[in-house]
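Student: I'm new to this structure and a bit lost in it. Could you pick one part, take a close look at it with me, and then show me how it connects to other parts?

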Amino acid sequence: VVYLQHVRSDQGCQVFTTNPAQLLLKTSPKLAQSHKDYENAIKYYTEALELNPSNAIYYSNRSLAYLRTECYGYALVDATRALELDKNYIKGYYRRATSNMALGKFKAALKDYETVVRVRPNDKDAKMKYQECNKIVKQKAFERAIASDELKRSVVDSLDIENMTIEDDYAGPKLEDGKVTLKFMKDLMAWFKDQKKLHRKCAYQVNALQMHTEKITICGDTHGQYYDLLNIFELNGLPSITNPYLFNGDFVDRGSFSLEVILTLFGFKLLYPEHFYLLRGNHETDNMNQMYGFEGEVKAKYTAQMFQLFSEVFQWLPLAQCINNKVLVMHGGLFSEDGVTLEDIRKIDRNRQPPDSGPMCDLLWSDPQPQDGRSVSKRGVSCQFGPDVTERFLEQNKLQYIVRSHEVKAEGYEVTHSGKCITVFSAPNYCDQMGNKGAYIHLRGSDLKPEFHQFTAVPHPNVKPMAYANSLMQLGMM
Ligand SMILES: [Mn+2]
């Protein structure tokens, strides 16, 4: 294994009737319980719109279904279309604002909340959303203003971790001589399982230490589902020199045990640096963490400064990993343009928040599509790439196939592009509502043939997903 880059519904409505109103009732996204329901809702609203293309409500409802399936680009287009059809349609403004928020376009979102507040001055909910969004816009402006002075200064420089004291009544796990040991990792996982908090000194130590086959297990998105992560280790064994793992990004956000997930993963990285790999996902970024819970969770359980340190460490996570020169693993997928080589990937200056376009953005954000060529991304970021794009990339770089994550799949994994593009997703029953299985992949050095293992969700303590997310993003409020 070679590091590419080192670290510093209603299922119903089977028969489409000509009465779209009936259809609307049957497939209201509010009733949808799983990813499949949202996909059906999208399908039926699309059919309804073919019959009645000037119905703002259908566009707005389809927009909501797109939001729930994380297709923010499509959601934005539909909300905009709804408003073109009916500029007084309040829900349309909400949908467009939510889409823009999800895409990190806070100023555009603020404009829509402003409109709603102007039209409905007595609406408390609208006012709350406007204020919340305004707060974010102001905070961003402030951050930009101070960014120049603070630019290269690491949080580590302002910390004196060595001299932090651990109180006598703390009975939890501690590092031994500043080092992560197997005993520490076992104690840590049991401690977290009991919903106890790691001492802040140890949390800083795990974070700040330098991060730098025969068989490997590849896992996809875990998204703060700590109890499902523990279950992976139950089923597949603890990480070790003879049982290496690669976790393919999106460790945090959405699930409300993101801190427990990331500290456990960082701990194993320190324990087995050559046999435990972590790649960056699109959620290991400030914009996403601000909206989807990780920033809120770290601030609730520790401090804002602790979040700053995570943010810095995330910027050092590699974007891709090549296994035995044959398999390339990345969180999102391939590129908006042909001709990108492994050498180009190595050269990416990744210690930053990802840009809006280009190879770094594509590695974190793109998705495969069944048809040849490329198309506009359903997410509103990067692109979708077809089997011909995959074929050309693999041929040019002398690779066999790619493994990526980033999309929830009913079976936990999906094989597309004639076996050359594999998706793996390891957060079963994603967000407690998608009903999907999780999966991990075994690769053996002898033939690199992928073996898929599926698993289902295990119970977790009663803290709901998105509990720490920005209130504008919480599930009931979209
Ligand atoms: Mn992702």
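Tutor: Let's start with a word we'll need: two strands count as a pair if DSSP finds at least two bridges between them. Also keep in mind that this is a predicted model.

With that in hand, look at S3 and S4. Strand S3 covers residues 245-247, and S3 and S4 are joined by three bridges in the parallel sense. If you'd like a spot to click on, try Phe 247, which sits opposite Leu 278 of S4.

Now zoom out a little. S3 and S4 belong to an open sheet of five strands, and reading across it gives S4-S3-S2-S13-S14. The pairing in this sheet is mixed. What stands at the edges? Strand S4 (276-278) and strand S14 (451-455) do, and each has a single partner strand, so one side of each has no neighbour in the sheet. The sheet is also twisted from strand to strand: neighbours are turned by 20 degrees against each other on average, direction ignored.

Go over to the S14 edge next. S13 and S14 run antiparallel and are joined by five bridges, and Gly 438 stands opposite Phe 455 of S14. These two strands form a hairpin with six residues between them, where Leu 448 has a positive phi near 55 degrees.

So far that's just strands; let's add helices. Helix H10 (residues 226-236) lies across strand S2 (215-219), S3, strand S13 (438-444) and S14. Against S3, H10 runs at about 155 degrees. H11 also lies across part of this sheet, namely S3 and S4, and runs at about 135 degrees to S4.

H11 is worth following, as it leads us on to another helix. Helix H11 (residues 258-271) and helix H14 (residues 304-316) have axes that come within 13 Å and cross at roughly 50 degrees. That angle is why H11 counts as oblique to H14. The crossing is left-handed. On the H11 side, the contact is made by Leu 259, Ile 262, Leu 263 and Phe 266, while H14 brings Phe 310, Val 313 and Phe 314. Sorted by class, that contact has seven nonpolar residues, no polar and no charged ones.

Time for the metal. The manganese ion is coordinated at 2.2 Å by Asp 250 (OD), Asn 282 (OD1), His 331 (NE2) and His 406 (ND1). Along the sequence, these donors follow the spacing D-x31-N-x48-H-x74-H. Take Asn 282 and His 331: they are 49 residues apart and link distant parts of the chain. Asn 282 is in the loop between S4 and helix H12 (286-292), which brings us back to our edge strand, and His 331 is in the loop between strand S6 (327-330) and helix H15 (342-346).

For comparison with our sheet, there are other strands to visit. An open sheet of three strands has the order S7-S9-S8, again with mixed pairing. Strand S7 (367-368) and strand S8 (374-376) are its edge strands, each pairing on one side only. S7 runs parallel to strand S9 (residues 383-385), with two bridges joining them, and Pro 368 stands opposite Phe 385 in S9. Then there is a hairpin made by S11 and S12, with four residues between the strands. Strand S11 (residues 413-416) and strand S12 (residues 421-424) run antiparallel and share four bridges, with Tyr 413 partnered by Val 424 of S12. In the turn, His 417 has a positive phi of about 50 degrees.

One last stop, to set beside the H11 and H14 crossing. Helix H2 (residues 35-51) and helix H3 (residues 56-68) pack at about 155 degrees, with axes 9 Å apart, and are therefore roughly antiparallel. H2 passes H3 in a left-handed crossing. The contact of H2 with H3 includes ten nonpolar residues, along with two polar and two charged ones. H3 has a second partner in helix H4 (residues 72-85): their axes come within 8 Å and cross at roughly 165 degrees. That makes H3 roughly antiparallel to H4, and this crossing is left-handed as well.

Key: Residues numbered from 1 in each chain as written. Predicted model: local features only at pLDDT ≥ 70, side-chain atom pairs only at ≥ 80, totals over all residues. Heavy atoms only, no water. Axes fitted to C-alpha atoms, helices over the stretch in contact; angles between N-to-C directions. Parallel < 35°, antiparallel > 145°, perpendicular 65-115°, else oblique. Left-handed = near helix turned anticlockwise from the far one by under 90°. Contact = heavy atoms within 4.5 Å. Nonpolar A, V, L, I, M, F, W, Y, C, P; charged D, E, K, R; others polar. Donors = N, O, S within 2.8 Å, 3.2 Å for Na, K, Ca; no water.
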